[in-house]
Each structure stands twice: as C-alpha cells, then as structure tokens.
Amino acid sequence: MSFIETVGRLEKDDPAPLYLQLQKVLRDAIRTRVFVADDAIPPERDLAEEFDVSRITVRKAIDGLVNEGLLTRRRGAGTFVAARVEKSFSKLSSFSEDMISRGRKPHSVWVNRSAGGVTPEEALSLGLSPGSLVYRFHRIRYADEATMAIEYSTVPGYCLPAIEAVGSSLYEALEKSGHRPVRALQRLRAVSFSAEQADALGVKAGDPGLFIERRGFLADGRAAEFTQSYYRGDAYDVVAELNDI
Ligand code: 16G
C-alpha cells in the first residue's frame, strides 16, 4: 500500500498552508507508527507527486520537521525518522509530549514523592520564602519499555491542588491547575552516570548522560518548577534553532 493510501490526501479546500498540512500528515504518521525510528520517508519528488504539491512545499514541510527534530537528513541517503530523540532545547515541552509526538508511549516508575517545607536550597532555586510548601517528584522515565531519564522535580505548593494531582505527566497536572510554566531557563552539561543512576537506567556505570536543569516560570514571574533531569546520552540529541541576532 502506498504512503498516501495509508495516510490520506491533503484537503485542498483547507485554508491552512499546504506545507503545514503535509507536516501534520507526516507528524501523524510518526505518532501512529506508520513510520518508526530509522525508517526512510519517501523522497521529496514522490511526496510532491503523491500529494500533488510542489517540491518547494515538500521541502518546506520537511525542513520544519528536521528543525523540530522529528526527521533527520543523511547526506546522499535521504530523510529518516530520527532514531535518537532529537530534543529541542528551545521548546517548553514535557517528557510525555516529546515521546507521544514520536509515536512512543511514555510512562514513569515513581521512586518517591513527598510534600513538605522548602529546604534552603530549594527556596533559592525557586525564589520561595522559608516555610513554603513544595511537592517533590522523583521518577524514572520510560519510552515504551526503554529507560530514558531520571527526573527530580520540585514544584511550589501554589501550583498544584494536591500531590496526588500528578499522574503520568507533571505538565498535564500543572496545565489543569492553570500553572504550566510559560518560560524557562535551562542549562545542560555532560555527566557520567554513577553506579546507582546506571542501575536505575539499566546502563553501565560511567556511561555518558546529559544533565539538564530547568527552572520554569508562570506568566506572572513566579516559579512553577525546578527539575533536574539525567537523560541517557545514547538516546538523545539536543537540537536548537538559532536565529541571527
Ligand atoms: C521534561 C522537562 C522537565 C519537566 C518534564 C515534565 C526538559 C529538559 N525537562 O523532562 O522540566 O518537568 O518534562 O514531563 O525538557 P511530564 O509532563 O511528562 O511529567
């Protein structure tokens, strides 16, 4: 069956630009696993022909998905569904959203969750007054059956109605309570996993990891989260789009 038979046509009377429609078709195909990691997507000229659009439209659609990290171009070989998770460094997305958009199923194993008074260190990270309530979440994050990351999140008490509000996704819970961060500061550095971390992730002690620290803020400037993530170095590429200043 051809790709177009599987995914359907573009709606020519849909007012959305054709390249955005084609992006949606390709994004859906990855999300629903019509294409999986390392699959080649059809060449530009075939897509142009099958969807009856210009090559320029196809190129624009693909460029966007390459920038998002869903597709990668390999010189001389074509365009493939990214095997590693190409994580955008400039998008305020959640782990669950990152996985779902790639057709992978996120889930977490809880190591610990607790509520309590802020520690001096947390108070500094989140800009909270001593005595404030915080929620702490420690999770091992999976995509399908593969371990991806260890995460420690601290969330100010005013962001959630209760600790139980967080089910499979922290951002979903924050969004529901109207406290999803709208801005964040992030920093990243290379680490090598300790024996304990390696054990939790099923990798070898000393294997490389990416440590990403995110401080998320609400529109009014208050902190919404302080999260330290240890991502597997063999599973992620970090990508960012840079614009001229
Ligand atoms: C991502 C975020 C982390 C956030 C988590 C929420 C980065 C570097 N970090 O891992 O700050 O707390 O997603 O994920 O992207 P969830 O909504 O699936 O629980």
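How many Å separate the centres of domain 1 and domain 2, taken over C-alpha atoms? Keep that in mind while you set up the view; this is a predicted model.

**Stop 1: the two domains.** Colour residues 3-81 as domain 1 and 91-239 as domain 2. Their centres, taken over C-alpha atoms, lie 32 Å apart. Seven residues from domain 1 and eight residues from domain 2 take part in the contact.

**Stop 2: the interface between them.** Put a surface on both domains. Together they bury about 550 Å², and 51% of that is on carbon and sulfur atoms. Now show Arg31, Arg33 and Leu70 as sticks: this trio supplies 56% of the area that domain 1 buries against domain 2, more than any other three residues.

**Stop 3: H2 against H4.** Next, select helix H2 (residues 18-31) and helix H4 (residues 55-68). Their axes come within 8 Å and cross at roughly 50°, which means H2 is oblique to H4. The crossing of H2 past H4 is right-handed.

For the side chains, pick Leu18, Tyr19, Leu22, Gln23, Leu26 and Arg27 on H2. Across from them, H4 brings Thr57, Val58, Lys60, Ala61, Ile62, Gly64, Leu65 and Glu68. Colour this contact by residue class and you get eight nonpolar, three polar and three charged residues.

**Stop 4: H3 against H4.** Stay on H4 and add helix H3 (residues 44-51). This pair packs at an angle of about 115°, with axes 9 Å apart. H3, too, passes H4 in a right-handed crossing.

Which residues make the contact between H3 and H4? Show Glu44, Arg45, Leu47 and Ala48 from H3, then Arg55, Val58, Arg59 and Ile62 from H4. By class, the H3 contact with H4 holds four nonpolar and four charged residues, with no polar ones.

**Last stop: Val58 and Ile62.** Leave these two H4 residues on screen. They appear in the contact with H2 and in the contact with H3.

How values were computed: Residues are numbered from 1 along each chain as its sequence is written. This is a predicted model: local features need pLDDT of at least 70, side-chain atom pairs count only at pLDDT 80 or more; totals for chains, interfaces and linings use all residues. Side-chain values use heavy atoms; hydrogens and water are left out. Axes are lines fitted to C-alpha atoms, for helices over the stretch in contact, and angles run from 0 to 180 degrees between N-to-C directions. Helices (H or I, at least four residues) and strands (E, at least two) are DSSP runs, numbered from the N terminus. Angles under 35 degrees count as roughly parallel, over 145 as roughly antiparallel, 65 to 115 as roughly perpendicular and the rest as oblique. A crossing is left-handed if the near helix is turned anticlockwise from the far one by less than a right angle, and right-handed if clockwise. Contact means heavy atoms within 4.5 Å. Ala, Val, Leu, Ile, Met, Phe, Trp, Tyr, Cys and Pro count as nonpolar, Asp, Glu, Lys and Arg as charged, and the others, Gly among them, as polar. Domain bounds come from an automatic or database domain assignment. Buried area is the accessible area (1.4 Å probe) that two parts lose on being put together, summed over both.
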